[in-house]
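User: I would like to go through the terms used for this model and the values behind them. Please take them one at a time.

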Amino acid sequence: MQLTLTTQQVEALAPDRASIGKAKKLAEAVHWRILGRSERALWGQCRGSTVYDVQVDLSDLQSRCTCPSRKRPCKHVLGLLILAAQTPMAVAPASEPEAVADWLGRRAAAAAAKATKREAKAAGKKPVDPEAQAKRAERRAERVGDGLEQLDRWLRDLVRVGLATVEDSSPGIFEEQARRLVDAQASGLAGWIRRLGAIPLSGPDWPDRLLRQLGRVALLIRAFRRLDALPPELQLELRAILGWSVPKEQVLAEGERVADRWQVVAQELSEEDRLRTQRSWLIGQDTGERALVLQFAYGAQAIFDERLLLGSEFEAELAFYPGAARQRALIVRRDGVASSIARLAGARPIAALLDEVSRAVARQPWLERFGAVLRDVSAVQGADGRLRLVDAAGDHVAVTSADPYLLLAISGGEAIDVAGEWDGDAFYPFLTADGDRFYLLQPSLLAPPPS
């Protein structure tokens with residue numbers, strides 16, 4: 001199935017909201033000439049103060065424009081993509097101009113050379129001084145351990161005096177603990193503690209949710225105290241949660257490789273302290289494997305290395321990060337052209353999802369989210385107004401959605417497959433497909449944050 005773009009998908013690529021507004025003004029054929037598309041690319045010439053050549057590689061939506069803008073993708077690229085999404089007949093199939101074919105050829109050659117260089121670097125990485133490395137690791141472990149002991153004392157005091165005391169002091173007390181953890185070189189856990197500050201007074205059940213999270217933090221502290229006794233895979237997971245990074249070279253050298261046609265079935269974009277984070281869930285068509293691809297970019301105009309479009313699928317080889325959970329992966333290489341999802345892969349009943357989640361949490365108890373596709377579920381709105389997904393066996397899960405009526409309207413009362421993310425309490429629906437086209441269920445989550 002050819003890649004069919006939607007306006008919401010294009011907006012998710014924009015570096016900021018201002019670029020979206022400017023691009024929409026260019027999404028009319030009157031602003032363009034020599035428009036065309038092939039199986040590999042889109043291209044056109046945009047009329048402005050001068051004429052700008054615009055090209056988009058449909059394999060990964062990387063682009064080129066001759067304008068001087070530092071924003072990437074620029075308004076001309078976004079305008080061409082929105083035009084192709086809203087008025088596909090305006091961008092008709094055509095033979096690739098020589099300039100487009102040359103650019104695609106150079107990109108393919110550069111990608112192959114980069115992959116070869118990266119593989120060679122991973123295989124022949126310069127050995128480090130093991131003694132010096134051990135000393136650095138020991139010093140950091142001591143600092144992290146001291147920070148966790150201080151955090152444990154704070155947790156005990158907080159529970160002893162009662163959670164009601166945080167009503168007037170949140171999020172300040174969580175921010176203070178997060179800063180102390182950063183000083184202790186436990187930046188990963190610092191982010192977790194900082195996010196806890198949003199729980200107090202967020203709903204009638206907030207004390208239960210906060211206590212549950214604090215219990216998971218307490219479990220992590222106790223696990224770190226006996227780190228050497230844990231299985232090696234769980235040690236890696238624990239270190240990653242605390243803030244130890246795993247070099248990409250290590251993932252390439254040690255991570256399990258899986259090649260498949262991967263579907264992007266859920267995706268969320270967030271920003272904290274100008275650090276943009278994109279979380280994308282991929283599911284393999286043939287293997288049914290689930291993979292989480294995390295990407296980070298700093299600054300409002302920063303872009304991610306991989307253009308992963310919700311609702312698209314592509315051939316790729318992934319390398320999974322070592323660890324007990326086997327969730328996170330990085331893309332080693334992509335092949336061919338991306339296309340739109342026609343039918344969701346890896347669909348399963350609700351009971352099967354919950355069984356799989358239980359097994360995963362037993363291996364790694366700090367997991368929070370799981371990408372999944374639910375099979376043949378119906379959207380049902382209860383007397384309390386809350387939406388639930390119910391499958392043929394009668395199992396059901398609560399739904400958290402920006403617009404609960406959107407899912408009701410798209411399903412029309414019929415059972416459908418729904419892709420999304422499960423957080424242990426509710427299911428976040430992102431996508432459904434009926435064999436002819438896909439439908440985005442939470443388009444607002446794709447909009448870039450304010451710059």
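Analyst: The model is predicted. A first case is the pair helix 5 and helix 6, which pack at an angle of about 160 degrees with their axes 8 Å apart.

User: Why is helix 5 called roughly antiparallel to helix 6?

Analyst: Angles over 145 degrees count as roughly antiparallel. The angle of helix 5 to helix 6 is about 160 degrees, so helix 5 is roughly antiparallel to helix 6. The crossing of these two helices is right-handed.

User: Which residues make the contact of helix 5 and helix 6?

Analyst: Helix 5 contributes R143, G147, L148, Q150, L151 and W154, and helix 6 contributes I173, F174, Q177, R180, L181 and D183. By class, six of the residues in this contact are nonpolar, three are polar and three are charged.

User: What makes helix 6 and helix 7 roughly antiparallel or roughly parallel?

Analyst: The cut-off for roughly antiparallel is again over 145 degrees. Helix 6 and helix 7 pack at about 180 degrees, with axes 8 Å apart, and are therefore roughly antiparallel to each other. On the helix 6 side the contact has F174, E175, Q177, A178, L181 and V182; on the helix 7 side it has S187, L189, A190, I193, R194 and L196. Eight residues of the contact between helix 6 and helix 7 are nonpolar, two are polar and two are charged.

User: What is the relation of helix 2 to helix 3, and how do you know?

Analyst: The axes of helix 2 (residues 17-26) and helix 3 (residues 75-86) come within 8 Å and cross at roughly 55 degrees. Roughly parallel needs an angle under 35 degrees and roughly perpendicular needs 65 to 115 degrees. The crossing angle of roughly 55 degrees is in neither class, so helix 2 is oblique to helix 3. Their crossing is right-handed. S19, K22, A23, K24 and L26 of helix 2 meet K75, H76, L78, G79 and I82 of helix 3. The residues of this contact divide into four nonpolar, three polar and three charged.

User: How do you know whether the length of helix 5 agrees with its number of residues?

Analyst: Helix 5 (residues 130-161) has 32 residues and, at 1.5 Å a residue, should span 46 Å. Its end C-alpha atoms are 46 Å apart, so the two values agree. Just after helix 5, G162 has a positive phi of about 105 degrees.

User: Which residues of helix 5 are called buried, and what covers them?

Analyst: Buried means a relative accessible area under 20%. In helix 5 the term is applied to R140, V144, G145, G147, L148, Q150, L151, D152, W154, L155 and L158. The elements covering the buried residues of helix 5 include helix 6 (172-183), helix 7 (187-196), helix 8 (206-225) and helix 9 (232-242).

User: Why is A345 called buried or exposed?

Analyst: A345 has a relative accessible area of 9%. The limit for buried is under 20%, so A345 is buried. A345 is in the loop between strand 9 (329-340) and strand 10 (347-348). Leaving out residues up to four places away in sequence, A345 touches Q263, I283, G284, Q285 and V373.

User: What makes L201 and D376 worth listing for their phi values?

Analyst: Most residues other than glycine have a negative phi. L201 is not a glycine and has a positive phi of about 65 degrees. D376, also not a glycine, has a positive phi of about 45 degrees. L201 is in the loop between helix 7 and helix 8, whereas D376 is in strand 11 (residues 370-381).

User: How are L201 and D376 classed by accessible area, and why?

Analyst: Exposed means over 50%, and partly exposed is between that and the 20% limit of buried. L201 is at 56%, so L201 is exposed. D376 is at 41%, so D376 is partly exposed.

User: Which peptide bonds are called cis, and what omega do they have?

Analyst: Most peptide bonds are trans. The bond from R72 to P73 is cis, with omega near 0 degrees. The bond from S170 to P171 is cis, with omega near 5 degrees. P73 is in the loop between strand 4 (63-65) and helix 3, and P171 is in the loop between helix 5 and helix 6.

Key: Residues numbered from 1 in each chain as written. Predicted model: local features only at pLDDT ≥ 70, side-chain atom pairs only at ≥ 80, totals over all residues. Heavy atoms only, no water. Axes fitted to C-alpha atoms, helices over the stretch in contact; angles between N-to-C directions. Helix = DSSP H or I, 4+ residues; strand = E, 2+ residues; numbered from the N terminus. Left-handed = near helix turned anticlockwise from the far one by under 90°. Contact = heavy atoms within 4.5 Å. Nonpolar A, V, L, I, M, F, W, Y, C, P; charged D, E, K, R; others polar. Expected span 1.5 Å × (residues − 1). Buried < 20%, exposed > 50% of the residue type's maximum accessible area, 1.4 Å probe, protein only.
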